[in-house]
Every structure is written in C-alpha cells, then in structure tokens.
Amino acid sequence: KRIDYSYIKSANTPAFFAVSATNQSISHNTWTKLVLGTETLDSDGKFADSRFTPTVAGYYQLSGAVQTPSVTVAHFICGAIYKNGANVFQFTLSNAGSGFYPISTGSTVLYLDSDDYVELYVFGNKGGGDITLQTGSNATHFEGAFIRS
C-alpha cells in the first residue's frame, strides 16, 4: 500500500521516510547503524546511504522506530538518532519476554545546519546473542521533515 504524502508542501521540505528493506542482524551490546534500503518519500533527494543530509538549515521533526520479530528469549532494544556521528536523541527502551514483538520508538525536534547529517541506530541485547530487526514501514523506519528556519 502506497502512503499519500501529498499534504507535504514545499514549505515543509526537505522531507523523507525510509524503511528497512531486509532483515539486519544487530550485534549484542553494540550501537549499530541501520541500513534503510527503501525510501517511500525523499522530497528533495536528500536521503542516501541510510543518511539524511538536509542542505537546508533549520529545525526538523525527526522520528523513528526499531522492532524485532517475535522473540524466544527475553531481550531489549533501544533506538537512537545520531547527528554527525554522535548519539543526540535516544528512544524508549523496549524490554520483552518470549512471544512478543519489542519496538523502540522516539520523536524529537533538532536543529540541523545545511551540512549536518542524521542516521538511525539501534542497541540491543538478547541473552548475550545477536538480534534481527523486523522490516517494513510498520516496524523499523526513520522519517523527518523541515519545520522552520
């Protein structure tokens, strides 16, 4: 199903929405950059290689989510937005037991200079082992839009 983004006007660009296209394994207790291979929206071509570089300075609404498939052992995940390679906003910590689909979500407003960039990262722990993330727009995704200068 294609999402309608026609409500986003030129005053709210650049804007983007990207999702994980393939299952990605996350190393135990390590912040890992997510590979977001499918762009549902990239109004000005500013999202590339899983990174958003606005080229327009201003305030941006940024949101995201990271989710795992149903798990068989207790574990936790936590997403974060990195700006210029540094963790600047951490999402909710999601902790779950067997049979659940843990999801970590967050939303913030950040000021970005024209040459800044932001990326989506995740941290997880599954009984000492690696975690696989869920794909699709209802699971692991990253989005943002220009609010004002």
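# Exercises on contacts, burial and strands

With a relative accessibility of 27%, lysine 33 counts as partly exposed, and this value, like the others below, comes from a predicted model.

## Exercise 1: A network of charges

Find how many salt bridges a search of the whole structure gives, and work out which residues are linked in a network.

*Solution.*

Step 1. The search of the whole structure finds three salt bridges. Side chains of opposite charge can pair when their charged atoms come close.

Step 2. Take glutamate 119 and lysine 33, whose side chains meet in a salt bridge with an N to O distance of 2.8 Å. Glutamate 119 belongs to strand E11 and lysine 33 to strand E3 (residues 32-33), so this pair ties together parts that are 86 residues apart in sequence.

Step 3. Glutamate 119 also forms a salt bridge with the side chain of arginine 51, at 3.2 Å from N to O. Here, too, distant parts of the chain are linked, since arginine 51 sits in strand E6 (residues 51-52) and glutamate 119 in strand E11, 68 residues apart.

Step 4. Putting these pairs together, we obtain a network of salt bridges that links Lys33, Arg51 and Glu119.

Step 5. Now consider burial, for which the cut-off is under 20% relative accessible area. Glutamate 119 has a value of 2% and is therefore buried, whereas arginine 51, at 30%, is partly exposed.

## Exercise 2: A salt bridge from a loop

Decide whether aspartate 116 is buried or exposed, and name the residue whose side chain it meets in a salt bridge.

*Solution.*

Step 1. The relative accessible area of aspartate 116 is 8%, so this residue is buried.

Step 2. The side chain of aspartate 116 meets that of lysine 83 in a salt bridge, with 3.8 Å between N and O. The two residues lie 33 apart along the chain, aspartate 116 in the loop between E10 and E11 and lysine 83 in strand E8, and the pair thus links distant parts.

Step 3. Lysine 83 has a relative accessibility of 22% and so counts as partly exposed.

## Exercise 3: The nonpolar core

State how many residues the largest nonpolar core has and which residues have the most contacts inside it, and then describe the surroundings of phenylalanine 142.

*Solution.*

Step 1. There are 22 residues in the largest nonpolar core, and Leu34 and Phe142 have the most contacts inside it. Among the elements that give two or more residues to this core are strand E1 (15-19), strand E8 (75-83) and strand E13 (141-148).

Step 2. Phenylalanine 142 is located in strand E13. Its relative accessible area is 0%, so phenylalanine 142 is buried.

Step 3. When residues up to four places away in sequence are not counted, phenylalanine 142 still touches a number of others, including Phe16, Leu36, Phe47, Ile81 and Glu119.

Step 4. A distance adds to the picture: the C-alpha atoms of phenylalanine 142 and serine 50 are separated by 9.2 Å, although their positions lie 92 residues apart along the chain.

## Exercise 4: The two faces of strand E10

Sort the residues of E10 into a covered and an uncovered face, and determine which strand is joined to E10 by ten bridges.

*Solution.*

Step 1. In a regular strand the side chains alternate between the two faces of the sheet.

Step 2. For E10, the covered face holds Ser104, Gly106, Thr108, Leu110 and Leu112, while Ile103, Thr105, Ser107, Val109 and Tyr111 make up the uncovered face.

Step 3. Valine 109, a residue of strand E10, has a relative accessible area of 42% and is therefore partly exposed. Together with Tyr59, Tyr111 and Ile147, Val109 forms a nonpolar patch on the surface, whose combined accessible area is about 320 Å².

Step 4. The strand joined to E10 by ten bridges is E7, and the two run antiparallel. In this pairing, serine 63 has serine 107 of E10 as its bridge partner.

## Exercise 5: Residues in loops

Locate asparagine 23 and find which residues it contacts beyond four places in sequence; then examine phi of asparagine 29.

*Solution.*

Step 1. Asparagine 23 is placed in the loop between E1 and strand E2 (25-26). Its relative accessibility is 55%, so asparagine 23 counts as exposed.

Step 2. Leaving aside neighbours within four places, asparagine 23 is in contact with Thr132, Leu133 and Thr135. From C-alpha to C-alpha, asparagine 23 and threonine 135 are 5.9 Å apart, while in sequence they are 112 residues apart.

Step 3. Asparagine 29, in the loop between E2 and E3, is a residue other than glycine with a positive phi, near 55 degrees.

Note on methods: Residues are numbered from 1 along each chain as its sequence is written. This is a predicted model: local features need pLDDT of at least 70, side-chain atom pairs count only at pLDDT 80 or more; totals for chains, interfaces and linings use all residues. Side-chain values use heavy atoms; hydrogens and water are left out. A nonpolar core is a set of buried Ala, Val, Leu, Ile, Met, Phe, Trp, Tyr and Cys residues joined through side-chain atoms within 4.5 Å. Buried means under 20% relative accessible area, exposed over 50%, partly exposed in between (1.4 Å probe, protein chains only). Helices (H or I, at least four residues) and strands (E, at least two) are DSSP runs, numbered from the N terminus. Contact means heavy atoms within 4.5 Å. Patches are made of residues with over 30% relative accessible area and no salt bridge: like charges are joined within 9 Å, nonpolar side chains (Val, Leu, Ile, Met, Phe, Trp, Tyr) within 5 Å. Accessible areas come from the Shrake-Rupley method with a 1.4 Å probe; for residues, only the protein chains shown count as cover. A salt bridge is a side-chain nitrogen of Lys or Arg within 4 Å of a carboxyl oxygen of Asp or Glu. Two strands pair if DSSP finds at least two bridges between them.
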